[in-house]
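Reader: Hello! I'd like a close look at one part of this model: where side chains are covered, which partners they meet there, and how that part sits in the fold. Could you walk me through it in one connected answer?

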Amino acid sequence: MTARFFGLVPAAGSGSRFGIAGPKQYSRLAGKSMLRHSVESLLAAPEVQTVFVVLAPGDEEFRKIDWKGIDARVAPLYCGGASRRDSVLNGLVAAASAVDPDDWMLVHDAARPCLGPAELRRLIDAVGGDEVGGILAIPVADTLKRGDEDGRIVETEPRDHLWQAQTPQMFRHGTLLHALRGTGPVTDEASAVEALGYKPRLVEGSTTNLKVTFASDLQIAEGLLGSRRT
């Protein structure tokens with residue numbers, strides 16, 4: 001049986017570092033919520049059948065979004081956990097009745113609304129035939145400094161072979177479920193898969209696939225989305 005493709009977007013966070021009231025995934029951006037932009041970016045690949053959106057159990061904002069045009073391919077799951085790892089794991093469990101273990105899951109940040117179709121296509125084409133899976137990432141270009149508790153430089157870290165992880169991160173449902181069940185706190189899905197002894201593939205992404213972390217990032221994201229429309 002040919003493996004299918006699904007998206008999974010953990011969107012249960014409170015956005016505590018964002019500096020405004022309410023979860024940041026519902027911030028308005030170029031006329032839409034940031035969450036809709038992020039979901040739409042995954043659905044730009046026709047192979048992606050459904051995007052599962054993992055929400056906090058008490059979420060009341062998701063249903064207020066106008067999902068017209070893509071509503072048939074978006075499935076909310078009200079099973080978000082206390083951490084990203086918990087939300088992704090809970091989402092994988094909740095989606096298991098609709099997904100086969102060998103199907104691909106593309107886990108994407110709700111706060112990465114600027115994922116481009118070219119980067120998504122590159123990931124799917126590069127990883128779709130891989131035995132392990134892989135992630136979008138960009139080579140580290142800046143000089144990296146390690147600091148101490150007093151805010152002083154201890155040493156300069158060599159940046160050779162260092163990559164900055166992005167999303168989507170693409171792994172088979174069964175592999176990712178097994179990996180997350182067997183690990184404690186991790187900051188991304190690749191870390192859990194690495195803990196099993198696997199080496200996920202690195203696929204070059206783009207600096208435009210930024211993660212909106214602070215309120216000031218909204219202006220940058222809005223500019224990127226606006227330039228694509230024009």
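Author: Happy to. A residue is called buried when its relative accessible area is under 20%, exposed when that area is over 50%, and partly exposed in between. Please keep in mind that this is a predicted model.

Let's try the cut-off on a charged side chain. Glutamate 189 has a relative accessibility of 2%, so this residue counts as buried. Its side chain meets that of arginine 84 in a salt bridge, 2.8 Å from N to O. Glutamate 189 belongs to helix H5 (residues 189-194) and arginine 84 to helix H2 (residues 84-95), so the pair ties together distant parts of the chain, 105 residues apart. Arginine 84, at 22% relative accessibility, counts as partly exposed. The two residues also belong to a network in which salt bridges that share partners join Arg84, Asp109, Arg112 and Glu189.

The salt bridges number 15 by the rule used here. Another of them leads towards the helix I'd like to examine most closely: glutamate 47 and arginine 121 meet through their side chains at 2.8 Å, N to O. Glutamate 47 sits in the loop between H1 and E4, while arginine 121 lies in helix H3 (residues 117-127), 74 residues apart. Both ends are partly exposed, glutamate 47 at 27% relative accessibility and arginine 121 with a relative accessible area of 29%.

That loop brings us to helix H1 itself. Of its 10 residues, 9 are buried, which leaves H1 mostly covered. The buried ones are Met34, Leu35, Arg36, His37, Ser38, Val39, Ser41, Leu42 and Leu43.

What does H1 pack on? Helix H1 (residues 34-43) packs on the sheet, touching strand E1 (5-10), E4, E5, strand E6 (104-107) and strand E10 (163-172). Its direction makes about 155° with that of E4. The sheet is open and has 7 strands, in the order E5-E4-E1-E6-E10-E7-E11, with mixed pairing. Strand E5 (74-77) and strand E11 (201-204) are the edges, each pairing on one side only. From one strand to the next, the twist averages 30°. At the E5 end, strand E4 (residues 48-54) pairs with E5 in the parallel sense over 4 bridges, and in E5 valine 74 is the bridge partner of valine 51. Another helix packs on this sheet too: H4 (residues 173-181) lies across E6 and E10, at about 115° to E10.

Now for the nonpolar side of the picture. In soluble globular proteins, nonpolar side chains tend to be buried together. Here the largest nonpolar core has 29 residues, and those with the most contacts inside it are Leu35, Val39 and Val53. E1, H1, E4, E6 and H3 each give two or more residues to this core. Valine 53 shows how helix and sheet come together: beyond its neighbours within four places in sequence, its contacts are Val9, Ala11, Leu35, Val39, Phe62, Val74, Ala75, Pro76 and Leu77. Apart from this core lies another, of 25 residues, including Val88, Ala137, Phe171 and Leu177.

H1 also has polar links, and histidine 37, found in this helix, is a good one to zoom in on. At 8% relative accessibility it falls under the 20% cut-off, which means histidine 37 counts as buried. Its side chain reaches the backbone oxygen of leucine 29 at 2.6 Å. Neighbours within four places in sequence aside, histidine 37 is in contact with Leu29, Ala30, Lys32, Pro113 and Leu225.

Lysine 32, one of those partners, lies in strand E3 (residues 32-33). Its relative accessibility is 30%, so lysine 32 counts as partly exposed. Its side chain makes a polar contact with that of glutamate 40, at 3.0 Å. With neighbours within four places in sequence left aside, lysine 32 is in contact with Ser27, His37 and Glu40. From C-alpha to C-alpha, lysine 32 and aspartate 66 are 8.5 Å apart in space, though 34 residues apart in sequence.

So, if you trace the region yourself, try starting from H1, where Leu35 and Val39 are among the residues with the most contacts inside the largest core, and then turn to histidine 37, whose side chain reaches the backbone oxygen of leucine 29.

Definitions and conventions:
Residues are numbered from 1 along each chain as its sequence is written. This is a predicted model: local features need pLDDT of at least 70, side-chain atom pairs count only at pLDDT 80 or more; totals for chains, interfaces and linings use all residues. Side-chain values use heavy atoms; hydrogens and water are left out. Two strands pair if DSSP finds at least two bridges between them. Axes are lines fitted to C-alpha atoms, for helices over the stretch in contact, and angles run from 0 to 180 degrees between N-to-C directions. Contact means heavy atoms within 4.5 Å. A salt bridge is a side-chain nitrogen of Lys or Arg within 4 Å of a carboxyl oxygen of Asp or Glu. Buried means under 20% relative accessible area, exposed over 50%, partly exposed in between (1.4 Å probe, protein chains only). A nonpolar core is a set of buried Ala, Val, Leu, Ile, Met, Phe, Trp, Tyr and Cys residues joined through side-chain atoms within 4.5 Å. A polar contact is a pair of N or O atoms within 3.5 Å; within protein, one must be able to donate a hydrogen and the other to accept it, and residues adjacent in sequence count only if both atoms are side-chain atoms.
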